[in-house]
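Hi everyone, thanks for coming. Please take a look at the structure on the screen, and I'll talk you through a few parts of it.

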Amino acid sequence: LSADYRKNKNTTFNYNIQLAATNNIASGDVLSETDRLTRELNTQNDVDNFGLSQLFEFHKTFNKKQKASFAFVHTFNKETPQYEWYSNQSFLGSYVPWQNTQNFGLKEIKEVTQHKLQINAKHYWLANKKHHVYTTFGFNGTYSNVAIKNEFLNSNAWENLNDFGFGHQLKYQLNNPFLGIEYRFIYKKFTSTLGAFLQYYYLRNKYPSEITSFSTIKFEPDLKMEYEFNSSEKVQFHYVMNNSYLGAENYTNRWQVNSFNTLFKGNAILQNVQYHQA
């Protein structure tokens, strides 16, 4: 659903909202036979997803040399997957306390909710045909809650695995305000844009028994150059340096089950990933 409102030729408003809901059910069977052993493996997945996304934009032209825009984006996602693994033989025996049983079952129930905010305010100053200056102020925020429960089948009854290094309760918070300025120079068929952004990152993870946090200030340059030979041929160069953080589940500090023979554990003290791209 979207709506546009033009107050006058210099002022416009835009709003867009999207909703999506899905349910995915899957089942798989594997039979493994050797001279000594027959193993039956069954996997059952039931995944519910709900998503909401909304965008608000405001554009204003003050005069021939100055313009401004404002954008606000909010997204919400909720995932509630449930995974079950069954076998006639034990698996992950070093981590799951199997006892004398003929039915081996493992279950993971997960609930992940996430809010994302993006705010961007930009001012355009067209000093003349050759020189433009763009100023940007923005904010990015990610807020996630991760709850994971693991159970195993013991004498036909499900028992919790929390005492064996499984299960999660994590609140993930990443705040990123930033300020940037870009200078654009146009000369005949050559255009260059030199950008400089000052970014502040604050990451906070809250576990049931501890809190970890990390903050840093980063300078991130952005350079674009373009030469147009004609309407169909041009050469471009773009260099940018960025910093990013992984999603919430990469900071979980206890075991998760990925499959019959795969476990995953995050790292509570992960910091930023910095990369150069040219």
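**A threonine, some strands and two pockets**

Let's start with one residue: T216 lies in strand 10. Before we go on, please keep in mind that this is a predicted model.

So, is T216 buried or exposed? T216 counts as buried, because its relative accessibility is 16% and the cut-off for buried is under 20%. Which residues does T216 touch, once we leave aside its neighbours within four places in sequence? The contacts of T216 are with Q199, Y200, Y201 and Y245.

Now let's follow the chain onward from strand 10. A hairpin of two residues connects strand 10 to strand 11. These two strands pair in the antiparallel sense, with eight bridges between them. If you'd like one bridge to find on the screen, K224 has H238 in strand 11 as its bridge partner.

Strand 11 has another partner too. Which strand is it, over five bridges? That is strand 14, residues 273–277, and this pairing is also antiparallel. Here you can look for M241, whose bridge partner in strand 14 is H276.

On to the pockets. The largest pocket has a volume of about 570 Å³. It is lined by 32 residues, and those closest to its centre are N140, N176, Q199, Y201 and N243. You may recognise two of those names: Q199 and Y201 are also among the contacts of T216.

Where does the lining come from? Two or more residues each come from strand 5 (104–126), strand 6 (131–154), strand 8 (168–187), strand 9 (190–206), strand 10 (211–230) and strand 11 (233–244). Strand 5 gives the largest share, with six residues. For those of you who think in terms of chemistry, the lining of the largest pocket holds 13 nonpolar, 13 polar and six charged residues.

How about the second largest pocket? Its volume is about 200 Å³. There are 15 residues in its lining, and G167, H168, Q169, P208 and R254 lie nearest the centre. Strand 6 and strand 8 turn up again here, each supplying at least two lining residues. By class, the lining of this second pocket has six nonpolar, seven polar and two charged residues.

To finish, let's return to where we began: T216, a buried residue in strand 10, with strand 10 paired to strand 11 and both strands giving residues to the lining of the largest pocket. Thanks for listening!

Notes. Residues numbered from 1 in each chain as written. Predicted model: local features only at pLDDT ≥ 70, side-chain atom pairs only at ≥ 80, totals over all residues. Heavy atoms only, no water. 1 Å grid on protein atoms, 1.4 Å probe; cavity = no way out; pocket = protein on both sides within 12 Å on 5 of 7 lines; lining within 4 Å. Points joined across faces, edges and corners; volume = space filled by probe spheres on them. Helix = DSSP H or I, 4+ residues; strand = E, 2+ residues; numbered from the N terminus. Nonpolar A, V, L, I, M, F, W, Y, C, P; charged D, E, K, R; others polar. Pairing = 2+ DSSP bridges. Buried < 20%, exposed > 50% of the residue type's maximum accessible area, 1.4 Å probe, protein only. Contact = heavy atoms within 4.5 Å.
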